Structures are given as C-alpha cells and as structure tokens.
Amino acid sequence: MSLLLGSANKMWKLRPVIDSADGWLDGLTVVAGDDTPLSLPLLIDRYGEALMGKRNLLRYGDVFPLRIRITDNGKEDFVDIENIHPDGLPVTTNILDTDYGVIRDYTEFDTFALIVCKSGNASVTCNGQTEEIGRGDILLIPASARGIRIEPQKKASLIESYIR
C-alpha cells in the first residue's frame with residue numbers, strides 16, 4: 001500500500017463496482033498507479049479533509065456520499081449522481097460539452113469534485129498530474145485542488161459534480 005504515501009493533492013481514477021439491479025453502481029474503487037484497487041474508505045481515512053473537505057468529512061466520515069448510475073445508449077453515457085446521505089447537501093452538477101480547453105476553478109470550494117466522461121476523450125490536469133479519460137471514466141478531484149484543466153481530444157462531454 002505504498003501508493004497511499006503520495007500527495008493528498010493527487011486526483012484519483014475511480015472504477016465502478018458491479019452494477020446493482022436498479023442500475024446504480026454498488027460502489028467505486030480507486031485505481032492506483034499499478035492498477036491495484038483501493039477502497040474509498042481507505043483513501044478517505046488516509047487523506048481525510050484534504051480529499052473530502054472539512055464539512056464533508058465531519059458530515060459523512062469515511063462513507064463516500066455520492067452514488068452514480070451510468071446508462072449507455074450506444075453513443076454516450078447518461079449519468080445520474082445523487083447524495084445518499086439522508087441529511088445530505090444538494091449535489092451541483094454541470095455538463096461540460098467542449099471542443100477546446102477549459103479551466104475549472106475550485107478555489108472557493110472546500111469539497112471534492114467528480115468528473116465523469118460521457119463521450120469523447122480528454123486530458124485532465126490537476127496540480128501537475130495529468131490523467132487521460134474516455135467514455136465512462138470517473139475522476140475524483142480532491143478538495144485540496146485549486147482547479148483543473150480539461151483538454152479534449154476533438155470533442156468531449158463531461159459531467160462535473162460536487163457538494164456545496
């Protein structure tokens with residue numbers, strides 16, 4: 001588990017766990033650099049406030065508060081994201097359809113963000129780290145991130161979600 005000794009400012013690629021009968025993902029695991037799956041609670045335990053944000057960590061502890069449903073129509077993925085906590089705060093979701101570079105500024109937020117690629121391919125850069133994403137990929141951006149830069153290859157459609 002030496003992978004967890006990295007920076008709290010790192011963004012993490014998430015992998016869905018087996019779909020449940022109603023289409024909601026049963027959970028997400030973290031894909032580390034060597035493709036070793038890690039649990040989100042372990043990641044939250046290690047990075048705490050830097051990953052989740054102070055208010056989210058106090059409210060949710062090591063339970064990741066969002067769940068995702070991705071359905072495929074053959075051309076793109078439809079994505080639903082909701083807060084699973086009974087007293088959960090609303091989820092802000094933005095659709096980013098772009099064929100040029102986009103910068104997302106998170107300096108006013110103290111929360112993590114999820115980036116889900118609906119279609120196309122893009123490079124996402126956060127704190128000097130770049131991840132290539134394609135249709136169906138999910139990135140977890142830590143609360144400690146000041147922002148991200150998205151560079152689509154031709155055109156990409158992304159979903160950005162966070163708890164405010």
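**Figure 1. Surroundings of Leu-140 in the predicted model.** Beyond its neighbours within four places in sequence, Leu-140 is in contact with Met-11, Trp-12, Leu-14, Leu-40, Leu-43, Leu-51, Phe-64, Phe-112, Ala-113 and Leu-114. Leu-140 and Phe-64 are the residues with the most contacts inside the largest nonpolar core, which has 26 residues.

**Figure 2. Elements contributing to the largest nonpolar core.** Two or more residues of this core come from each of strand 1 (12–16), strand 2 (28–31), helix 1 (40–52), strand 4 (66–72), strand 5 (77–83), strand 8 (113–126), strand 10 (138–141) and strand 11 (147–163). Helix 1 gives the most, with 6 residues.

**Figure 3. The second nonpolar core.** Separate from the core above, this set has 20 residues, including Tyr-106, Val-124, Ala-145 and Ala-156.

**Figure 4. Cys-117 and Cys-126.** Cys-117 has a relative accessibility of 0% and is therefore counted as buried. Cys-126 is likewise buried, at a relative accessible area of 1%. The number of disulfides in the model is 0.

**Figure 5. The chain as context for the close-up views.** The chain contains 2 helices and 11 strands, arranged along the sequence as β-β-β-α-α-β-β-β-β-β-β-β-β. Of its 164 residues, 45% are buried. Among contacts with a separation of 6 or more, 67% join residues 24 or more positions apart. The exposed area of the chain is about 8100 Å², of which carbon and sulfur atoms supply 49%.

Key:
Residues are numbered from 1 along each chain as its sequence is written. This is a predicted model: local features need pLDDT of at least 70, side-chain atom pairs count only at pLDDT 80 or more; totals for chains, interfaces and linings use all residues. Side-chain values use heavy atoms; hydrogens and water are left out. Helices (H or I, at least four residues) and strands (E, at least two) are DSSP runs, numbered from the N terminus. Buried means under 20% relative accessible area, exposed over 50%, partly exposed in between (1.4 Å probe, protein chains only). Contact means heavy atoms within 4.5 Å. Accessible areas come from the Shrake-Rupley method with a 1.4 Å probe; for residues, only the protein chains shown count as cover. A disulfide is a pair of cysteine sulfur atoms within 2.5 Å. A nonpolar core is a set of buried Ala, Val, Leu, Ile, Met, Phe, Trp, Tyr and Cys residues joined through side-chain atoms within 4.5 Å.
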